[in-house]
Amino acid sequence: MLDLKQVRQDPQAIATELRRRGFDFDVAAFEQLDARRKQADVQSQGLQAERKIASKKIGELIQGGLAVDAAKQTVNQTLEKISAQLDDLTGQARQVQEELDALMMGLPNLLAADVPAGNDEADNRELSRWGEPRQFDFEILDHVDVGLGLGGLDFETATKLTGSRFVVMRGPVARLHRALVQFMLNLHTGSHGYTEVNVPYIVNADSLRGTGQLPKFEEDLFKLHHDLDYYLIPTAEVPLTNMLRDCIVEAEEMEQGMRFVCHSPCFRSEAGSYGKDTRGMIRQHQFEKVELVQMVKPLQSEQALEELTGHAEAVLQALDLPYRKVILCAGDTSVNAHKTYDLEVWLPAQDTYREISSCSNFGTYQARRMKARWRNPETGKPELLHTLNGSGLAIGRTLVAVLENYQCADGSVQVPAALLPYMGDVSTLSPQ
RNA sequence: GGAGAGGUGGCCGAGCGGCUGAAGGCGCGCCCCUGCUAAGGGCGUAUAGGUUUACCCCUAUCGAGGGUUCGAAUCCCUCCCUCUCCGCCA
């Protein structure tokens with residue numbers, strides 16, 4: 001959510017900014033609604049003030065010994081006038097307020113100045129590459145066939161158990177998957193200063209509103225059949241970031257750094273992606289991810305995004321997986337993000353780089369929704385903090401990348417050196 | 001699932017129809033006193049919105065939502081959450 005005051009101050013400037021995203025902000029409609037809100041507020045608040053005075057007077061008269069009815073009589077006129085209008089006016093004021101809230105909730109975040117122009121994925125700008133894609137001297141397989149050969153990936157059984165877009169992993173491949181989780185958690189907690197957290201995988205609607213998945217993207221979520229509005233998490237970002245919802249963090253605690261890392265499953269309905277990436281593990285309804293979240297003081301978030309992205313890159317480098325770093329263009333940056341870097345890993349079978357991590361700075365956008373604040377010692381006042389998150393990394397896609405990049409001519413797969421300690425010294429996954 | 005107790009400011013905690021946006025304490029900030037240390041005294045200290053150059057002022061908020069009333073932190077209803085006991089259970 002944007003700052004209402006800021007929008008009010010210069011709606012044209014906001015409109016211009018949002019146009020970069022291709023978002024059309026109707027300034028006239030906003031100003032009209034805001035004016036209506038103001039009028040409704042002034043009227044209803046004025047009336048409430050009158051009522052308060054009248055009520056107080058009755059109280060005083062009764063204290064002074066007057067009978068209750070007699071006391072009411074003295075202010076009768078005022079009361080009648082008030083009771084006739086108050087419900088109506090407060091109702092109106094509330095309704096207008098709700099409309100304005102909805103409008104504000106629907107506005108995307110402002111983009112950072114260095115976000116490149118563009119409409120979609122094709123306009124994202126590559127910033128750097130790391131590693132050399134390996135040259136294969138044999139016919140390579142994609143991860144599905146590699147996994148099948150190892151007897152470790154079983155899509156058919158998963159389809160029987162549930163349906164499409166699920167997978168069963170078995171034996172050494174399942175272990176490799178787990179090894180990736182352990183390795184990443186240890187790296188981020190050991191070398192990057194993150195605190196490991198374990199969170200609920202089911203969250204309420206307030207949490208999803210806080211991070212911005214609701215109200216606009218409900219169709220992407222799995223909602224539970226339950227009396228309360230419960231959802232499966234689409235990413236650990238939701239519970240992790242919402243830990244600070246309605247909190248005021250003391251300055252001292254901020255200094256120590258609010259860095260959290262969490263391994264969790266992620267559940268996504270993938271509505272609207274029919275036919276996309278249907279083969280293999282690239283796009284599943286359930287996948288696992290190691291998520292990085294930081295809450296920082298406003299002036300630090302720009303730097304924090306660089307660092308956080310670097311933490312995700314460190315995983316790819318340790319696994320010796322070639323990747324490139326991309327800055328998302330205006331049209332491809334998600335509505336709640338201020339600036340996003342994607343890390344794309346090299347997938348030889350697809351002969352292309354595919355997203356494996358997305359690292360974003362949200363500025364105050366999420367914090368304002370969540371009322372996540374810190375106490376600024378200079379002012380003594382609570383101020384919104386900045387939130388960031390990134391995948392460090394998506395486990396399923398990392399497994400895909402390992403299977404493809406480390407495959408051998410005989411169908412076996414070498415275990416990356418960094419994972420050996422987690423594999424019980426199994427250094428090669430052999431075909432069955 | 002059953003029975004009971006409770007949810008008040010950054011924290012603890014009083015209030016249980018009007019003088020309460022809320023006593024008292026802790027914490028925090030400023031000042032005074034004190035030649036170290038320890039202690040003491042004074043003042044200030046919620047959030048959001050409106051208005052304003054600013055001060056003032058106005059409105060809302062005592063878990064959430066309804067209701068009763070001229071008036072609700074206080075009474076009634078529904079829901080959520082926490083704690084204790086019983087049952088069940090990984």
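Here is a quick briefing on a protein chain and the RNA strand beside it.

The model is predicted: local features need pLDDT of at least 70, side-chain atom pairs count only at pLDDT 80 or more, and totals for chains, interfaces and linings use all residues. Residues are numbered from 1 along each chain as its sequence is written, chains are lettered from A and ligands numbered from 1 in the order in which they are written, and side-chain values use heavy atoms, with hydrogens and water left out.

**The chain overall**

- Chain A has 14 helices and 17 strands; these are DSSP runs numbered from the N terminus, with helices being H or I of at least four residues and strands E of at least two.
- The C-alpha trace of chain A spans about 100 × 45 × 45 Å along its principal axes.
- Chain A has 432 residues, and 47% of them count as buried (under 20% relative accessible area, against over 50% for exposed and in between for partly exposed, using a 1.4 Å probe and protein chains only).
- Take the contacts (heavy atoms within 4.5 Å) in chain A between residues at least 6 apart in sequence: 73% join residues at least 24 apart.

**Around RNA strand B**

- RNA strand B is surrounded by 25 residues, and the closest are Arg8, Lys38, Ser55, Lys72 and Arg94; a residue counts as near if one of its heavy atoms lies within 4 Å of the strand.
- By class, this surface has 8 nonpolar, 5 polar and 12 charged residues (Ala, Val, Leu, Ile, Met, Phe, Trp, Tyr, Cys and Pro are nonpolar, Asp, Glu, Lys and Arg charged, and the others, Gly among them, polar).
- On the RNA side, 70% of the strand B atoms within 4 Å of the protein belong to sugar or phosphate, and the rest to bases.
- A backbone N or O atom of Ser55 sits 2.6 Å from a base nitrogen of RNA strand B, while a polar side-chain atom of Gln45 is 3.1 Å from a base nitrogen of the strand.
- The side chain of Gln48 has an N or O atom 3.4 Å from a phosphate oxygen of RNA strand B.
- Helix H1 (4-9), helix H3 (27-63), helix H5 (76-105) and strand S13 (373-375) are the elements giving two or more residues to this surface, and H3 has the largest share, with 13 residues.

**The second largest pocket**

- Helix H9 (205-211) and helix H13 (365-370) each supply at least two residues of this pocket's lining.
- The lining has 14 residues, and Met1, Arg368, Arg369, Met370 and Lys371 lie nearest the pocket's centre.
- By class, the lining divides into 4 nonpolar, 1 polar and 9 charged residues.
- A pocket here is an open set of points on a 1 Å grid over the protein atoms alone, where a 1.4 Å probe fits, with protein on both sides within 12 Å along at least five of seven lines; lining residues have an atom within 4 Å of a point.

**Cys359**

- Cys359 lies in strand S12 (residues 352-363) and is buried, with a relative accessible area of 0%.
- Leaving aside neighbours within four places in sequence, Cys359 touches residues including Leu305, Leu308, Tyr341 and Asn389.

**Backbone details**

- The peptide bond from Leu214 to Pro215 is cis, with omega near 5 degrees, and Pro215 is in the loop between H9 and strand S6 (230-232).
- The Gly392 to Leu393 peptide bond is also cis, with omega near 10 degrees; Leu393 is in strand S15 (residues 386-394).
- Asp277 has a positive phi, near 50 degrees.

Terms used: A polar contact is a pair of N or O atoms within 3.5 Å; within protein, one must be able to donate a hydrogen and the other to accept it, and residues adjacent in sequence count only if both atoms are side-chain atoms.
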